[in-house]
Amino acid sequence: MIPDSLTQAQYDTVYNFFSLVIAAQLFASIFMLVSLTRVLPRYRQAMTVAAVVCGIAAYHYFRIFDSFKAAFVTDAVGGRGDYLQVAGAGFNEGYRYVDWLLTVPLLLLELIAVLALARRVQTSLLARLIPASALMIALGYPGEISGDNGIRGLFGLLSTIPFAYILYVLFVELTRSLDRQPASVRRTISQLRLLLLLTWGVYPIAYLLPMLGLDGADAWVGKQLGYSIADILAKALYGLIIYRIARMKSFADDD
Amino acid sequence: MIPDSLTQAQYDTVYNFFSLVIAAQLFASIFMLVSLTRVLPRYRQAMTVAAVVCGIAAYHYFRIFDSFKAAFVTDAVGGRGDYLQVAGAGFNEGYRYVDWLLTVPLLLLELIAVLALARRVQTSLLARLIPASALMIALGYPGEISGDNGIRGLFGLLSTIPFAYILYVLFVELTRSLDRQPASVRRTISQLRLLLLLTWGVYPIAYLLPMLGLDGADAWVGKQLGYSIADILAKALYGLIIYRIARMKSFADDD
Amino acid sequence: MIPDSLTQAQYDTVYNFFSLVIAAQLFASIFMLVSLTRVLPRYRQAMTVAAVVCGIAAYHYFRIFDSFKAAFVTDAVGGRGDYLQVAGAGFNEGYRYVDWLLTVPLLLLELIAVLALARRVQTSLLARLIPASALMIALGYPGEISGDNGIRGLFGLLSTIPFAYILYVLFVELTRSLDRQPASVRRTISQLRLLLLLTWGVYPIAYLLPMLGLDGADAWVGKQLGYSIADILAKALYGLIIYRIARMKSFADDD
Amino acid sequence: MIPDSLTQAQYDTVYNFFSLVIAAQLFASIFMLVSLTRVLPRYRQAMTVAAVVCGIAAYHYFRIFDSFKAAFVTDAVGGRGDYLQVAGAGFNEGYRYVDWLLTVPLLLLELIAVLALARRVQTSLLARLIPASALMIALGYPGEISGDNGIRGLFGLLSTIPFAYILYVLFVELTRSLDRQPASVRRTISQLRLLLLLTWGVYPIAYLLPMLGLDGADAWVGKQLGYSIADILAKALYGLIIYRIARMKSFADDD
Amino acid sequence: MIPDSLTQAQYDTVYNFFSLVIAAQLFASIFMLVSLTRVLPRYRQAMTVAAVVCGIAAYHYFRIFDSFKAAFVTDAVGGRGDYLQVAGAGFNEGYRYVDWLLTVPLLLLELIAVLALARRVQTSLLARLIPASALMIALGYPGEISGDNGIRGLFGLLSTIPFAYILYVLFVELTRSLDRQPASVRRTISQLRLLLLLTWGVYPIAYLLPMLGLDGADAWVGKQLGYSIADILAKALYGLIIYRIARMKSFADDD
Ligand SMILES: CC1=C(/C=C/C(C)=C/C=C/C(C)=C/C=O)C(C)(C)CCC1
Ligand SMILES: CC1=C(/C=C/C(C)=C/C=C/C(C)=C/C=O)C(C)(C)CCC1
Ligand SMILES: CC1=C(/C=C/C(C)=C/C=C/C(C)=C/C=O)C(C)(C)CCC1
Ligand SMILES: CC1=C(/C=C/C(C)=C/C=C/C(C)=C/C=O)C(C)(C)CCC1
Ligand SMILES: CC1=C(/C=C/C(C)=C/C=C/C(C)=C/C=O)C(C)(C)CCC1
Ligand code: NA
Ligand code: NA
Ligand code: NA
Ligand code: NA
Ligand code: NA
Ligand code: NA
Ligand code: NA
Ligand code: NA
Ligand code: NA
Ligand code: NA
């Protein structure tokens, strides 16, 4: 639940993190678009998707930043006082879920695209991963905006079911269909999956913070930082790693 | 008719959907522009039109979003209360109709362009489809902005006449002129037309909602969501499918 | 003269037309820039000029739109009432004349460029057309911003002299210098000139409206719509036709 | 010194000129960037610099325009009254000097680059021209913002010393180092230098206006128009002429 | 500590410097992106990073400029009076540190990339330089926002430790690993390192200013100008020098 008041330090911290995410996503996106021609055509689809994902995130963080600025105000000189929720506007947690609804399926697409599996296998994987991810996001939202920790917990749990299914598909099913791939490809895939697990795992942890006995404002600030950092790792860093892999494969394939 | 008041849940839902449409159209447009060189030159015209259509929609949804934000206000702390129509500004339904006036003819052009028919047939089809679509939009507008369900029904009906004519041309006349085309081309055309039918059909349904006994605000919210979803399907998704077809044809033609 | 008050219908109509022109010019410009490489290099100069003309118009209509929004206000709930001129700001008709001062010479340049005449003939034509067009715009402005119909008429008349001269140069002199051109080129030129005549002719007609006995607000609204439509035809449509000609010539020249 | 009040005609004139400069610089910059590939690689450096110069000017005129709008206000209906300086904000003449500090060295670089002299000569010329131009701008600023005509005159005089030195280097020294160049190159250089002299000369004349007995507001308006016109000539027109020369040389060199 | 009041001259000076930095970084970034294809592919990575660094800085200076404008206000006519800190908003020093957190690692990457060392050496250098630079920034921030000169001094000292380590790695370790490089490469590296030392050294000096007995406002203004100039030198100028080196190497490598 959105806290009634933030100290200046809490306000400034969230403020600066949101601005950091804008810069990181926007310029990661620009960097990837400018570097597109430096990888072989067969990897450009994945790079373009990665750039689009970061662009979508930059758009949403512009909105999140403005929403946050408008939602909390102070009347202290120099902004050196507590920030209270304003009348007439609220911080909109919805932007994140709209963002994820668009970007999570694209990230899965990006992962599958870079693996270069047979088209039949790709289609079958995506046909299960994408609906599951949409369900995961949709089930998380009612808990996120609820002020009741019971409801938060319930929907968090429901959202974890499709999340677990996604991990199952990526770690169990995908492995099976990779039997005939050379060892080096298998290693890359393992690393990418691991990265995905580590970064995606931050989201449910951030989601849990408001339920852990912490003071409301601290928990909420922690959650915002958690989501912000996870978004940088799962989108910008992930995209740059995809770029690195594509660059290396571009040299290898050229031989 | 625009409702006098929205609950917070209604306000937030419309708000988040409008923001979702902005992101979807804007980045679909950017994605298609960046991917332009990945299809053969002969398909780039259709792709460019698709990207322009999504760009026009993104522009209009920026305006629609701002119009909506300005039109409904609350004085509850954190925005947690009912939203009332403000003095001095109103939600402008006109943006949609201006948008459709520009984009519907372009979508028809896109469809005809991707079919690659003889130039004479193209010209003849467009000479009937484009005026009919302009008439359909123009006749819908007076009903849309009227607070009277009788007027709404009347103009909805009038607008349905050119709509039916468009479907007739696409499903009856076009079929005839395809006799000499190979089976695979006929299948693609059938699929595209079906998609068009399914997505375009959402518009008149959304238009009807305010006439169906529902509470005014619920009906209006439903209509906004209906138009928003239809616009994503008929522009962004449609464009991406055109891209997919163009990609596949690009490989086929290269052989 | 700018009316003191507009009905909601008048306000909304002008509002939606201005927004339509923004979208039309902006995306016509983007479309032409993206399509630049689809015509042979020798036609790109004309296309670039056409795209720049539409871009300049989009810029000015952004300003015109904002000026209009700020200049007329209502205090009716939902904006459903009369709109009065506000204190402290006025609608600036100057944007149009600044726009024309830049774009009319460019349109003439575009026309001459696409004809591909001998360089000496080009220079001689432009040396007369461009100063005449600047004079035409400059003489129209004092009449446009005057509240006195006598002054409006006088400057309208003065402005018509260079306008007539431009038409003379294009229809009499140009014809003479085309004697040695093949028939097909002569036909294209005739069509372009005709289009130019038809679209440019709308401007003086719109200018006349406030002098025709109509109620002040109606006449003013009519004038704004007239200029808006003329600007779409004379810039966006004209540019797209230039593009079409360039495309066709690009195929022909390649043979 | 900034006048306390402007008539509506004065306000509108400055307003429209500033908006004209924005459009002219912005689209000159875009035009040059789009046309970059139409000149041979060896001329692209100069063209890019020209486009950047116009872009920097567009940025600063956006700021100048906003500063002017905020600095002068009226409370007359429709803006039809005198405009007074507002409390809390002032017109910032500093933007121009910041602009010149960046663009004047770049214009000199552009000139030297297009001459294609020996690298040693280039370096030696720039090593004197660039510091002199920075000094010229820096010395002009204190006079520009002073309300005292004595101080204005003094700093104007001091600023004229480096200005005279720049002209000396361009007209005396440069000539000497051109002895061994073919006649045609010498002619081009002469023309470019002449253009530079004519356009740069407008700046000190505009600077002098407030000292010439004119009414304060008239002089100030005249100065703003003078700087605006000079900026269009010295940046946009100058850049387009550089483009024209580069185009012609590109054909010549190709033979 | 942020001063309670600034004179008009102080306010205008900071204001104009911030606007100068925006223009310098934005157009340096654009210039480098446009010139990307003028260097050989192997140098484009470094150029792209340089362009992104300047783009990130332009973004942050837009924010810094707006933050400064909002934080200090006057009620004097024409802005000719003292500027006081406003109620409800403060100047946010955090933008700089967020900027540095992103750009300092990228600048180190840029330096290492342009040296073209063996991949193993690169990785080992970056693995020490990047964490050290992050630590340097993070330790500087608490001192920067503190109003207490003791705390400022303490954190300044702590931050100097990783700074010294960075210099040690660049000047001692890097030198050792260059033994086998040809003399010309060693010279370029020496020059780049020297430039880096000179520009990076400005930051701690600016940081120290508030501790040197100067009046609070003067010291703060000096610090802002110091950081502004250092940012132009360390990002825009540094990037342009990298471009120059890449251009020269591009000619050399082509032989
Ligand atoms: C399991 C779980 C969640 C998972 C969220 C995830 C996994 C989000 C991933 C987002 C990404 C990868 C975005 C980047 O584009 C929620 C919704 C927080 C609710 C609590 C339970
Ligand atoms: C039949 C009918 C209508 C049809 C609208 C349609 C078919 C709109 C299509 C819009 C598209 C495809 C936009 C995307 O670019 C109206 C006007 C709602 C009025 C009621 C009757
Ligand atoms: C004769 C005449 C006029 C002509 C205006 C024209 C012909 C404008 C053309 C504008 C274009 C083509 C703009 C598009 O870029 C005025 C000034 C209204 C004043 C009344 C007399
Ligand atoms: C001699 C002189 C001046 C000269 C200014 C000049 C020559 C400015 C040129 C600006 C350009 C070329 C900008 C375009 O990018 C000042 C400073 C007005 C002060 C009075 C004396
Ligand atoms: C040693 C030291 C500092 C060093 C800062 C540096 C070296 C910043 C470099 C920034 C750059 C290069 C940015 C450009 O992208 C601080 C933090 C001021 C705190 C005081 C001690
Ligand atoms: Na705030
Ligand atoms: Na909310
Ligand atoms: Na609102
Ligand atoms: Na309305
Ligand atoms: Na209004
Ligand atoms: Na006016
Ligand atoms: Na004003
Ligand atoms: Na000032
Ligand atoms: Na201020
Ligand atoms: Na602060």
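1. In this predicted model, 16 residues surround ligand 2, and B:Thr103, B:Leu107, B:Trp200, B:Tyr203 and B:Lys235 come nearest. By class, the shell consists of 10 nonpolar, four polar and two charged residues.

2. Two side chains of the shell deserve attention for their polar atoms. An N or O atom in the side chain of B:Thr103 lies 3.1 Å from an oxygen atom of ligand 2. For the side chain of B:Lys235, the corresponding distance from an N or O atom to an oxygen atom of ligand 2 is 3.4 Å.

3. On its own, ligand 2 has 540 Å² of accessible area, of which the protein covers 99%. Helix H3 (94–115), helix H5 (149–176), helix H7 (202–208) and helix H8 (216–254) of chain B are the elements that contribute two or more residues to this shell.

4. Turning to the interface of chain D and chain E, the two chains bury about 2000 Å² between them, with 60% of this on carbon and sulfur atoms. On the side of chain D, D:Gln45, D:Tyr59 and D:Arg63 lose the most area to chain E, together 23% of what that side buries. The contact involves 27 residues from chain D and 24 residues from chain E.

5. Between chain D and chain E, eight residue pairs are in polar contact, both residues being at pLDDT 80 or more, while zero salt bridges are found across the interface.

6. Helix H2 (41–71), helix H3 (94–115) and helix H4 (119–145) of chain D each supply at least two residues to the side that touches chain E. The largest share, 11 residues, comes from H2(D). By class, this side of chain D has 14 nonpolar, nine polar and four charged residues.

Definitions and conventions: Residues numbered from 1 in each chain as written. Chains lettered and ligands numbered in written order. Predicted model: local features only at pLDDT ≥ 70, side-chain atom pairs only at ≥ 80, totals over all residues. Heavy atoms only, no water. Contact = heavy atoms within 4.5 Å. Buried area = accessible area lost by both parts, 1.4 Å probe. Salt bridge = Lys/Arg side-chain N within 4 Å of Asp/Glu carboxyl O. Polar contact = N/O pair within 3.5 Å; in protein donor to acceptor, adjacent residues only side chain to side chain. Helix = DSSP H or I, 4+ residues; strand = E, 2+ residues; numbered from the N terminus. Nonpolar A, V, L, I, M, F, W, Y, C, P; charged D, E, K, R; others polar. Near = heavy atom within 4 Å. Areas by Shrake-Rupley, 256 points an atom, 1.4 Å probe, with all protein chains shown as cover.
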